[in-house]
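Colleague: I have a model open and would like to walk through it with you. Could you take my questions one at a time?

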Amino acid sequence: MAASLPQKPGMAGLPPQQQPHLPPSAASAPGQQPMPPQGALREISPVFLCRIGQETVQDIVTRTMEIFQITRATQLPNGVTQSQAMYQDRFGKLQEHLRQLALLFRKLRLLYERCVEMTSDLQEGPAELLPYVGEELASVKVEPCSAAVNQERREVLEKVRQKNQEMKILMDQMRNLLWDVNAMLTLRK
């Protein structure tokens with residue numbers, strides 16, 4: 001199983017309850033560029049926050065897969081006595097993964113709220129993003145095309161019709177061939 005997530009620099013000795021609260025973008029994974037100081041958080045772009053959010057989602061998926069691997073490896077009690085220490089170890093790992101998963105979901109929520117806050121003037125209302133159920137779509141205004149565009153469209157549609165007709169003929173031939181092969185195989189038995 002994978003080890004727990006790396007702790008924030010400078011806080012390795014502190015238990016999670018005593019660690020200072022940092023914004024979600026202040027936790028950096030190893031191998032990534034360092035995060036800007038607290039005063040520069042206003043200049044962080046929504047794109048950067050989305051990238052951190054994407055990495056958080058990947059961490060969530062990884063943690064979830066590890067939880068499933070732990071539960072898959074756990075043998076159900078079937079009357080055979082197993083080591084109590086082994087069960088306690090697996091239970092501890094499972095609890096740690098679940099705790100980390102909850103923290104990752106909180107981090108993802110904070111990132112989402114921060115992105116929404118930063119891009120509130122760019123976003124549509126959530127009602128516009130929901131699928132239309134039982135409502136007719138508003139007709140889209142289409143500007144008239146030039147004669148050349150209309151001619152090209154007709155040519156493309158004609159080519160598509162021809163290709164579809166050729167494919168239909170080939171499918172019919174293949175179907176007949178399969179019928180013949182199946183009939184021969186049946187007669188051979």
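Colleague: Which residues are linked with Lys-168 in a network of salt bridges?

Modeller: Before I answer, please keep in mind that this is a predicted model. Lys-168 is linked with Asp-172 and Arg-175 in a network of salt bridges.

Colleague: And how many salt bridges does the count come to?

Modeller: The count comes to eight salt bridges, and among them are some within helix H2, such as the one between Glu-96 and Arg-99, whose side chains meet at 2.9 Å, N to O. Glu-96 and Arg-99 are three residues apart in helix H2, about one turn of the helix.

Colleague: Why does a spacing of three or four places matter in an α-helix?

Modeller: An α-helix has 3.6 residues a turn, so residues three or four places apart point the same way.

Colleague: OK, what about Asp-89, which residue forms a salt bridge with that one?

Modeller: Asp-89 forms a salt bridge with Lys-93, and their closest N and O atoms are 3.8 Å apart. Asp-89 and Lys-93 are separated by about one helical turn, because they are four residues apart in helix H2. Asp-89 is partly exposed, with a relative accessible area of 43%, and Lys-93 is also partly exposed, with a value of 36%.

Colleague: Where is Arg-109, and what is its salt-bridge partner?

Modeller: Arg-109 is in helix H2, which covers residues 84–118, and its salt-bridge partner is Glu-113, with the closest N and O atoms 3.9 Å apart. Glu-113 counts as partly exposed at 39% relative accessibility, and Arg-109 counts as partly exposed at 47%. Arg-109 also lies 9.0 Å from Gly-53, C-alpha to C-alpha, although these two residues are 56 apart in sequence.

Colleague: Let me ask about H2 itself. How many residues does H2 have, and how far does it reach?

Modeller: Helix H2 has 35 residues and reaches 51 Å from its first C-alpha to its last, which is close to the 51 Å expected at 1.5 Å a residue. Its buried residues include Leu-94, His-97, Leu-104 and Cys-115, and what covers the buried residues of H2 includes helix H1, residues 46–73.

Colleague: You mentioned Cys-115. Why is there no bond between Cys-115 and Cys-50?

Modeller: The sulfur of Cys-115 is 3.9 Å from the closest cysteine sulfur, in Cys-50, and that is too far for a bond, because a disulfide needs the two sulfur atoms within 2.5 Å. By this rule the count comes to zero disulfides.

Colleague: Are those two cysteines buried or exposed?

Modeller: Cys-115 is buried, with a relative accessible area of 11%, whereas Cys-50 is partly exposed, with a relative accessible area of 47%.

Colleague: Changing topic, which residues form a nonpolar patch on the surface?

Modeller: Met-174, Leu-177, Val-181, Met-184 and Leu-185 form a nonpolar patch on the surface, and together they have about 470 Å² of accessible area. Met-184 is found in helix H4, residues 147–188, and Met-184 is exposed, with a relative accessible area of 55%.

Colleague: And the whole chain, how many helices and strands are there?

Modeller: There are four helices and zero strands in the protein chain, so to read the elements from the N terminus on, you would write α-α-α-α. Of the 189 residues of the chain, 15% count as buried, and the chain exposes about 15,700 Å², with carbon and sulfur atoms supplying 60% of that area.

Methods
Residues numbered from 1 in each chain as written. Predicted model: local features only at pLDDT ≥ 70, side-chain atom pairs only at ≥ 80, totals over all residues. Heavy atoms only, no water. Helix = DSSP H or I, 4+ residues; strand = E, 2+ residues; numbered from the N terminus. Patch = residues over 30% accessible without salt bridge, like charges linked within 9 Å, V, L, I, M, F, W, Y side chains within 5 Å. Areas by Shrake-Rupley, 256 points an atom, 1.4 Å probe, with all protein chains shown as cover. Salt bridge = Lys/Arg side-chain N within 4 Å of Asp/Glu carboxyl O. Buried < 20%, exposed > 50% of the residue type's maximum accessible area, 1.4 Å probe, protein only. Expected span 1.5 Å × (residues − 1). Contact = heavy atoms within 4.5 Å.
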